[in-house]
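This report describes a metal site, a ligand site and selected backbone features of one model. The sequence and structure are shown first.

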Amino acid sequence: MDKKFSGNKPLLFQLSAMAPHAPVQRVISVEESIFQKNQDQAKKNREFFDRRGMKVFNVMSSPGSGKTALLAKILPRLMGRHPLCAVIGDQETSLDADRLQKAGVPSLQINTHSACHLDADRVARALAKIDARGVCGGAGGTDLGGGGADGAASGGGGADGAASGGRARETTDLGSAAHADLQGIEWLFIENVGNLVCPAVFDLGESFKIALLSVTEGEEKPLKYPVLFQDADLIVISKSDLLPYLDFDRQLLLKNVRVQNKKAPLVFCSVKSGEGLDELMGQLEDLNSANISTTKNHAFLERETLTMEKP
Amino acid sequence: MHELSLALDLVERALIIAQREKVQQVRGINVLIGPDSGVDPEAFAFAFPEAAHDTLLAKTELRIQRGTGREFQFQSMVVEDV
Ligand SMILES: Nc1nc2c(ncn2[C@@H]2O[C@H](COP(=O)(O)OP(=O)(O)OP(=O)(O)O)[C@@H](O)[C@H]2O)c(=O)[nH]1
Ligand SMILES: [Mg+2]
């Protein structure tokens with residue numbers, strides 16, 4: 001890439017210099033974020049969640065850090081206080097939604113096929129699907145345990161293909177449907193596709209981002225994969241029961257995390273020993289009552305919207 | 001490779017603008033990518049022709065300017081009118 005290139009003019013001049021009698025060229029100034037399409041849908045999602053007073057947690061980590069294991073452990077314990085459900089993103093299979101269903105958590109699987117991340121539109125369509133399938137049992141917050149442990153509600157991986165495979169041309173309007181099935185739901189957990197890179201840059205309209213890192217992945221990950229850790233509202237170091245078998249340097253990890261993120265609480269926990277789970281649930285309650293949305297990601301996007309009118 | 005889906009979004013947006021402005025040719029598209037955007041410029045440059053394939057942008061030149069922070073911006077397009 002040409003580092004000396006700056007602005008639009010050089011390209012224009014260059015082209016007209018090469019072909020002086022060519023058709024008239026002009027520059028259309030656009031000045032908008034390329035994230036804008038996702039951002040438009042994320043905004044709709046956020047408005048939808050805000051209208052309903054729902055808090056949404058976007059859980060991200062590399063594959064196998066223990067997202068599903070953790071959710072299957074803590075969500076059943078949180079359900080009594082906060083009616084909740086979960087949406088799980090994986091490229092293929094409904095294995096993880098099935099695990100959560102089995103733990104009694106109303107869950108919907110989304111399959112992204114080739115995509116390595118969830119985006120705001122996939123989440124919007126998942127919300128419609130929750131409603132269509134009655135994932136939460138039309139509960140109004142009363143019958144959440146019976147969200148269909150038979151697996152019907154979690155949906156086969158293949159069944160989602162048609163809806164999630166194609167790219168939507170317009171943003172999905174969440175205002176039109178009644179979404180009765182989500183009535184009374186306070187918390188939505190979204191388990192993103194296992195990946196430390198791609199999910200971090202797609203705003204889903206969530207209230208909070210949770211980053212997981214398992215102790216076996218090494219202390220340097222926050223330095224190598226900065227964006228996810230920079231934007232996290234809560235950082236979970238998972239599989240702490242394995243620490244005795246590793247040369248893991250807690251202080252070094254803490255230092256590396258703080259290079260990227262000064263504020264987010266950090267919790268060591270294990271679904272095997274149970275360490276840190278109470279603390280983690282306490283942190284979720286704190287986020288819930290703190291009532292501030294993650295906006296770091298959007299601040300730089302909002303100003304780049306000069307040409308937003310649609311034709 | 002989230003760059004491909006972002007390149008598809010860019011192409012979709014550029015085609016909407018091209019249609020609205022009734023342009024005949026899109027010579028170039030200028031984008032700005034910062035080092036902290038979470039988008040890899042090389043991967044994006046690689047994905048763009050794939051996303052533009054079989055569209056009005058198939059022969060469009062993608063010019064990537066490096067930013068300094070989190071920029072990931074569709075700055076402008078150089079077009080020829082009907
Ligand atoms: N020792 C130990 N193993 C764990 C812990 N949490 C998860 N695991 C194991 O780690 C493996 C991966 O866990 P998952 O919950 O499937 O991880 P995930 O992040 O949901 O994975 P993907 O959805 O594929 O990205 C499983 O074999 C779990 O049993 C833990 O706290 N301690
Ligand atoms: Mg999982």
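In this predicted model, the magnesium ion (ligand 2) takes its protein donors from Thr68(A) (OG1), Asp96(A) (OD) and Glu191(A) (OE), which lie 2.0 to 2.1 Å from the ion. Along the sequence, these donor residues follow the spacing T-x27-D-x94-E. Thr68(A) belongs to helix 3 (residues 67-78) of chain A and Asp96(A) to helix 4 (residues 95-102) of chain A, so the pair ties together parts that are 28 residues apart in sequence. Thr68(A) and Asp96(A) are both buried.

Thr68(A) and Asp96(A) also belong to the surroundings of ligand 1: of the 19 residues around this ligand, Lys67(A), Thr68(A), Ala69(A), Asp96(A) and Asp241(A) come nearest. Polar atom pairs between the protein and ligand 1 include those in the table.

| Residue | Protein atom | Atom of ligand 1 | Distance |
|---|---|---|---|
| Ser65(A) | polar backbone atom | oxygen | 3.3 Å |
| Ala69(A) | backbone N or O | oxygen | 2.8 Å |
| Asp241(A) | side-chain N or O | nitrogen | 2.7 Å |

On its own, ligand 1 has 650 Å² of accessible area, of which the protein covers 72%. Helix 3 and helix 4 of chain A are the elements that give two or more residues to the shell around ligand 1. Helix 3 of chain A supplies the largest share, 3 residues. By residue class, the shell around ligand 1 comprises 4 nonpolar, 7 polar and 8 charged residues.

Helix 2 (residues 36-52) of chain A contains 17 residues and reaches 24 Å from its first C-alpha to its last, close to the 24 Å expected at 1.5 Å a residue. The buried residues of helix 2 of chain A include Gln36(A), Asp40(A), Arg46(A), Phe48(A) and Phe49(A). Just after this helix, Gly53(A) adopts a positive phi of about 65 degrees.

Positive phi values also occur in residues other than glycine. His113(A), which is not a glycine, has a positive phi of about 55 degrees. His113(A) is placed in the loop between strand 4 (107-111) and helix 5 (120-133) of chain A, and is partly exposed, with a relative accessible area of 24%. In chain B, Asp54(B) has a positive phi near 65 degrees, again in a residue other than glycine. Asp54(B) sits in the loop between helix 2 (41-52) and strand 2 (61-66) of chain B, and counts as exposed at 72% relative accessibility.

Methods:
Residues numbered from 1 in each chain as written. Chains lettered and ligands numbered in written order. Predicted model: local features only at pLDDT ≥ 70, side-chain atom pairs only at ≥ 80, totals over all residues. Heavy atoms only, no water. Helix = DSSP H or I, 4+ residues; strand = E, 2+ residues; numbered from the N terminus. Expected span 1.5 Å × (residues − 1). Buried < 20%, exposed > 50% of the residue type's maximum accessible area, 1.4 Å probe, protein only. Donors = N, O, S within 2.8 Å, 3.2 Å for Na, K, Ca; no water. Near = heavy atom within 4 Å. Polar contact = N/O pair within 3.5 Å; in protein donor to acceptor, adjacent residues only side chain to side chain. Areas by Shrake-Rupley, 256 points an atom, 1.4 Å probe, with all protein chains shown as cover. Nonpolar A, V, L, I, M, F, W, Y, C, P; charged D, E, K, R; others polar.
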